[in-house]
Amino acid sequence: MYQWIRSYLYNRRARVNVDQTKSKKFLLRHGVPQGGVLSPTLFLLFIDDLVSEMPKGIKAALYADDLVIWCKEEHASTATYRMQQAADRLNAWAEDWCVSINKEKSSTTIFTLSPKQKTGTIRLGGTPLREDEEATYLGVTFDRRQTWKPHIAQAETKARRKLAILRKLAGTTWGANEKILKTVYQGTIRPHLEYGSTAWSTSAKTNLQTLDRVQNQALRLITGAMKSTPIKEMEKLTIIQPLCQRR
């Protein structure tokens, strides 16, 4: 297995072809072949030890090359100290293994209910990281006070854009039937209303109700019901659960 993978990666060369003129071949010293079937697995094996390199008290989540690290402390100064240790360890790992970190896309956020808590500057390889009011990881927006309001607002906006498509399908001359409209809603609109709900389902009821209103509008489009039609009756008719039950 080792010899086979070695022959797959070792001594790989590439060149550029422009207008039938070929450049000299150059040696690829790092990385895996783009589009290769084995490439994602090999990269995951390569980066897997990064999490174990983190200092004590630091937690990490890694999805391919997307890393988030955090710690929980009573005082912001203590958290800053620990996170700086983690940043130093991360930078050392990257230098050892010839990996470049996109520092422009890297940022820090402090999550606290206290307006008095202030953090110091965290540096990555000598470069100060910007401090954001919100942090987005894998499509979920974490706001400083953990109200989840910014994320829910974004989810509502995305869902309403798709709702316009449903409205056009329901209002055309030939008129899509209920089955098609229901499929469109469940496949293209509802995922926006539910993505990451394991994180933000603790948000205030008033925030969650903004998503409920999007589903209610979709139910009226699917059934062709009037505004006065009870929501529960439309849910029974379409066999679509309330969002709160699904969460």
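This talk goes through two helices, a few loop residues, a surface patch and the salt bridges of the structure shown above. Please keep in mind throughout that this is a predicted model.

Let me begin with helix α2, residues 39–47, where the buried residues are Ser39, Leu42 and Ile47. If you look down the axis of α2, these buried residues fall within an arc of 125°, so they line one face of the helix. On the other side of α2 we find Pro40 and Leu45, both of them exposed. As for what the buried face meets, the buried residues of α2 pack against the helices α1 (2–9), α3 (49–52) and α4 (76–96), and also against β5 (59–63).

Next comes helix α8, which runs over residues 205–223. Its 19 residues, at 1.5 Å a residue, should span 27 Å, and the C-alpha atoms at its ends are 26 Å apart, which agrees. The buried residues of α8 include Leu208, Leu211, Val214, Leu219 and Ile222, and polar residues such as Asn207, Gln215 and Asn216 are also among them. Their partners are α5 (149–171), α6 (178–194), α7 (197–200), α9 (231–238) and α10 (243–246), against which the buried residues of α8 pack. Directly after α8 comes Gly224, with a positive phi near 75°.

Which residues other than glycine have a positive phi? One of them is Leu138, with phi near 55°, and another is Gln146, with phi near 60°. Leu138 sits in the loop between β11 (134–137) and β12 (140–143), whereas Gln146 belongs to the loop between β12 and α5. Leu138 is partly exposed, at a relative accessible area of 35%, and Gln146 likewise counts as partly exposed, at 34%.

A third loop residue that I would like to point out is Val99, between α4 and β7 (107–108). Val99 is partly exposed, with a relative accessible area of 31%, and, if we leave aside its neighbours within four places in sequence, it is in contact with Phe46, Trp93 and Ala94. Its C-alpha atom is separated by 18 Å from that of Tyr10, which is 89 residues away along the chain.

On the surface, Val16, Val18, Phe26 and Leu28 make a nonpolar patch of about 340 Å². Of these residues, Val18 lies in strand β2, residues 17–18.

Finally, the salt bridges: how many does the structure hold? There are six, and I will take three of them in turn. Arg82 and Glu73 meet through their side chains at 2.6 Å, N to O; Arg82 is partly exposed at 28% relative accessible area, and Glu73 is partly exposed at 31%. In the second, the side chains of Arg130 and Asp132 come together at 3.1 Å, N to O, with Arg130 partly exposed at 42% and Asp132 buried at 18%.

The third joins the side chains of Arg144 and Glu131, at 3.1 Å from N to O. Arg144 lies in the loop between β12 and α5 and Glu131 in strand β10 (residues 130–131), so this pair ties together parts that are 13 residues apart in sequence. Arg144 counts as buried, at 19% relative accessibility, while Glu131, at 40%, counts as partly exposed. This pair does not stand alone, for Glu131, Glu133 and Arg144 are linked in a network of salt bridges.

How values were computed: Residues numbered from 1 in each chain as written. Predicted model: local features only at pLDDT ≥ 70, side-chain atom pairs only at ≥ 80, totals over all residues. Heavy atoms only, no water. Buried < 20%, exposed > 50% of the residue type's maximum accessible area, 1.4 Å probe, protein only. Helix = DSSP H or I, 4+ residues; strand = E, 2+ residues; numbered from the N terminus. Arc of directions from axis to C-beta. Contact = heavy atoms within 4.5 Å. Expected span 1.5 Å × (residues − 1). Patch = residues over 30% accessible without salt bridge, like charges linked within 9 Å, V, L, I, M, F, W, Y side chains within 5 Å. Areas by Shrake-Rupley, 256 points an atom, 1.4 Å probe, with all protein chains shown as cover. Salt bridge = Lys/Arg side-chain N within 4 Å of Asp/Glu carboxyl O.
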